[in-house]
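Ready for a few exercises in reading a structure? Have the sequence and the model side by side, and try each task before you look at its solution.

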Number of protein chains: 2
Amino acid sequence: MGSDTRARLLEAAAQLFREQGYAATGLKQITAEAGAPWGSLYHFFPGGKEQLGVETVGHSGARYQRLFDLVYERAEVGADEAVRDMFRLSAEALETSGWADGCPIATVALEAASTSEPLRHACADVFAGWRAATARRFASEGIEPAEDLAVYVFAAFEGALILSRTGHDAGPLRVTADIVARTIRDRRPRSETASGV
Amino acid sequence: MGSDTRARLLEAAAQLFREQGYAATGLKQITAEAGAPWGSLYHFFPGGKEQLGVETVGHSGARYQRLFDLVYERAEVGADEAVRDMFRLSAEALETSGWADGCPIATVALEAASTSEPLRHACADVFAGWRAATARRFASEGIEPAEDLAVYVFAAFEGALILSRTGHDAGPLRVTADIVARTIRDRRPRSETASGV
DNA sequence: CGGATACTAGATAGATCGATCTAGAGAGAG
DNA sequence: CTCTCTCTAGATCGATCTATCTAGTATCCG
């Protein structure tokens, strides 16, 4: 093993794909950013750019997943508050990065949707993983239908990220978080103590 | 004027940007698809690819806007049903096109967010226009806060489109439509006749 | 008819793209 | 030590990218 070149390549690719997208990012730029030699790229990723893309999507997806897990573990208050935190954290990351760090998957997903089946499939897998983890959490709190609500949350999340990033305005993320969190809260099972407004 | 070459270039660019994105689409491919001579491209768009991109975004945005207007005019039943129709129509377009025709703006918006200010701004304007039109409709029915709910609807819409297109599954659009439409319905002002479950 | 303008046509430039190739450095095993 | 395998290093290839440039054709006005 020895070198971490491969990891640095993945990391650099993740960052660049997130900011600029897949097509606009050149392999030369990735090796430069990673401080990796050109020859190493095809050593570690003999499948070329597409393989690097697929692995990068998986890498970014797993990392983002961990961020969701963190939010869910931390929130003792319930899933609705966890959802709100997830939106809030992303809004902060987006804003402090100068509106650069949006969803690490969405841009590639849209670019690849009709141009690369392996890449599209990798993105679909990531989304499915996020959804499944969230659905488990909802189900464990009796929030049903858990699968549908998880899909709904991620749809609103991804869309709000697009609107906020494009408009350089965290408003959409904030506004959407409020409404979505309320929707989730309203689906919580009745507890013995009133859960009024 | 005479020729419609300029319009055909815009149309071809709109279709290709929608399917493949901005960076992955070459100018040569656009002229070929439009059946337009290469020389005409820089005659009509002296600003090059970026100008073509900006005008294409405006063109696509206006056309999609008309589709929203149609839905809103047709729906005598109320804004919540109009929202549902908007999701349903997009789901049909997406599915019948073989998962190619998603949002004509979103892909370019994400690609351009950190790479081209003119392009990003054009996308932001389109989103703002959609939101404003929807907010007016909500407000006219007494659905408040109209602006926030319009943002929320478009966030959920854009996100659901991404999930459905990436997964080759209309489920996210359908599921999200249900929940969002219900949220809008719940915000309608109390009428004299009960508006129960 | 002449002459200006609008548009077409495509060659060409220069840069950069992804990908392949050969050569060599480095470390660990025997 | 020497052999072997992993990884580095970068030259190089053909294709394609955006953009510019020069001609040539059509069209409309007088």
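Below are four exercises, each with a worked solution.

This is a predicted model, in which local features need pLDDT of at least 70, side-chain atom pairs count only at pLDDT 80 or more, and totals for chains, interfaces and linings use all residues. Residues are numbered from 1 along each chain as its sequence is written, chains are lettered from A and ligands numbered from 1 in the order in which they are written, and side-chain values use heavy atoms, with hydrogens and water left out.

**Exercise 1.** Find how H5(B) and H9(B) pack.

*Solution.* Start with the elements: helices are DSSP runs of H or I with at least four residues, numbered from the N terminus. In chain B, H5 covers residues 79-96 and H9 residues 171-186. Next, take the axes, which are lines fitted to C-alpha atoms over the stretch in contact, with angles from 0 to 180 degrees between N-to-C directions. They lie 8 Å apart at an angle of about 165°. H5(B) is therefore roughly antiparallel to H9(B) (over 145 degrees). Finally, list the contacts (heavy atoms within 4.5 Å): among them are Val83(B), Phe87(B) and Leu94(B) from H5(B), and Leu173(B), Val180(B) and Ile184(B) from H9(B).

**Exercise 2.** Work out how H1(A) is placed against H4(A).

*Solution.* The two axes come within 9 Å and cross at roughly 80°. H1(A) is therefore roughly perpendicular to H4(A) (65 to 115 degrees). The contact includes Leu10(A), Ala14(A) and Phe17(A) of H1(A), together with Leu52(A), His59(A) and Tyr64(A) of H4(A).

**Exercise 3.** Which salt bridge do the side chains of Glu11(A) and Arg63(A) form, and what is its N to O distance?

*Solution.* Apply the criterion: a side-chain nitrogen of Lys or Arg within 4 Å of a carboxyl oxygen of Asp or Glu. Glu11(A) and Arg63(A) satisfy it at 3.1 Å, N to O. Now place the partners: Glu11(A) sits in H1 (residues 5-20) and Arg63(A) in H4 (residues 48-74), 52 residues apart, so the pair links distant parts of the chain. Over all chains, the structure holds 26 salt bridges.

**Exercise 4.** Look for unusual backbone geometry in the loops.

*Solution.* Recall that most residues other than glycine have a negative phi, and most peptide bonds are trans. Glu144(A) and Pro145(A) are joined by a cis peptide bond, with omega about 0°. Pro145(A) belongs to the loop between H7 (117-140) and H8 (146-167) of chain A. In chain B, a cis bond joins Glu144(B) and Pro145(B), again with omega about 0°. For phi, turn to His168(A), whose value is positive, near 50°. His168(A) lies in the loop between H8 and H9 (171-186) of chain A.

Note on methods:
Helix = DSSP H or I, 4+ residues; strand = E, 2+ residues; numbered from the N terminus. Parallel < 35°, antiparallel > 145°, perpendicular 65-115°, else oblique.
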